[in-house]
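Q: Please take me through this model by asking, for each label attached to it, what justifies the label.

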Amino acid sequence: MTTILIVSGSPSPTSPTGVLLDHVRALLTGHEVHTLTVRDLPTVALLSGDLLDASVRHAMELVDRADGIVVASPVYRAAYSGLVQSFL
């Protein structure tokens, strides 16, 4: 079975990005789908790339195990969110 990781870069839990990802998740039936919400990661650990932090380490493991990754982010001034920029 194919493993897909959905990465949400939205700073808000109720956003158009979340609606989009719900639709994508529904289209991926038959696959193992995991969701990573970047806003839930600890800010300091994320910005410093602290792989000793359990949440950041788990996020990196999800990326490593995924066969495919869907990244969604709102666009601010022609760029994706700072959350996604920090994660990537």
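Q: What is the bridge partner of L5 in β2, and how do you know that the two strands count as paired?
A: In β2, L5 has H34 as its bridge partner, and T3 stands opposite E32 in β2. Two strands pair if DSSP finds at least two bridges between them; β1 and β2 are joined by 6 bridges and run parallel, so the criterion of at least two is met. The strands themselves are DSSP runs (E, at least two residues), as helices are runs of H or I of at least four residues, both numbered from the N terminus.

Q: What kind of model is this, and what do its numbers rest on?
A: This is a predicted model, in which local features need pLDDT of at least 70 and side-chain atom pairs count only at pLDDT 80 or more, whereas totals for chains, interfaces and linings use all residues. Residues are numbered from 1 along each chain as its sequence is written, and side-chain values use heavy atoms, with hydrogens and water left out.

Q: What makes β2 and β3 edge strands?
A: The open sheet has 3 strands in the order β2-β1-β3, with parallel pairing. Because β2 (32-37) and β3 (68-72) each have a single partner strand, one side of each is left without a neighbour in the sheet. From one strand to the next the twist averages 20°, where axes are lines fitted to C-alpha atoms (for helices over the stretch in contact) and angles run from 0 to 180 degrees between N-to-C directions.

Q: How do you know that β1 pairs with β3, and which helix packs on the sheet?
A: β1 (residues 3-8) and β3 pair in the parallel sense over 5 bridges, and one of the residues concerned is I6, whose bridge partner in β3 is V70. Helix α3 (residues 54-65) packs on the sheet, touching β1, β2 and β3, and its direction makes about 135° with that of β1; contact here means heavy atoms within 4.5 Å.

Q: Why is β1 called largely enclosed?
A: Buried means under 20% relative accessible area, exposed means over 50%, and partly exposed lies in between (1.4 Å probe, protein chains only). By that measure 6 of the 6 residues of β1 are buried, so the strand is largely enclosed by the rest of the structure. Both faces are covered, with T3, L5 and V7 buried on one side and I4, I6 and S8 buried on the other.

Q: What is the handedness of the β-α-β unit made by β1, α1 and β2, and what does that term require?
A: The unit made by β1, α1 and β2 is right-handed. The term requires that, with the strands pointing away from the viewer, the path from the first strand over the helix to the second runs clockwise.

Q: Why is the contact of D22 and R25 called a salt bridge?
A: A salt bridge is a side-chain nitrogen of Lys or Arg within 4 Å of a carboxyl oxygen of Asp or Glu. The side chains of D22 and R25 meet at 2.7 Å, N to O, and the structure holds 1 salt bridge. Being 3 residues apart in helix α1 (residues 16-27), D22 and R25 are separated by about one helical turn.

Q: Are D22 and R25 buried or exposed?
A: Neither label applies, because D22 at 47% relative accessible area is partly exposed, and R25 at 29% also counts as partly exposed.

Q: What makes T17 buried, and which residues does T17 touch?
A: T17, in helix α1, has 8% relative accessibility and therefore counts as buried. Leaving aside neighbours within four places in sequence, T17 is in contact with S10, A72, S73 and P74. Of these, S73 lies in the loop between β3 and β4 (75-76), and S73 is 65 residues from S8 in sequence but 6.3 Å away in space, C-alpha to C-alpha.

Q: Why is M60 called partly exposed?
A: M60, placed in helix α3, has a relative accessible area of 32% and is therefore partly exposed. Not counting residues up to four places away in sequence, M60 touches L51 and F87.
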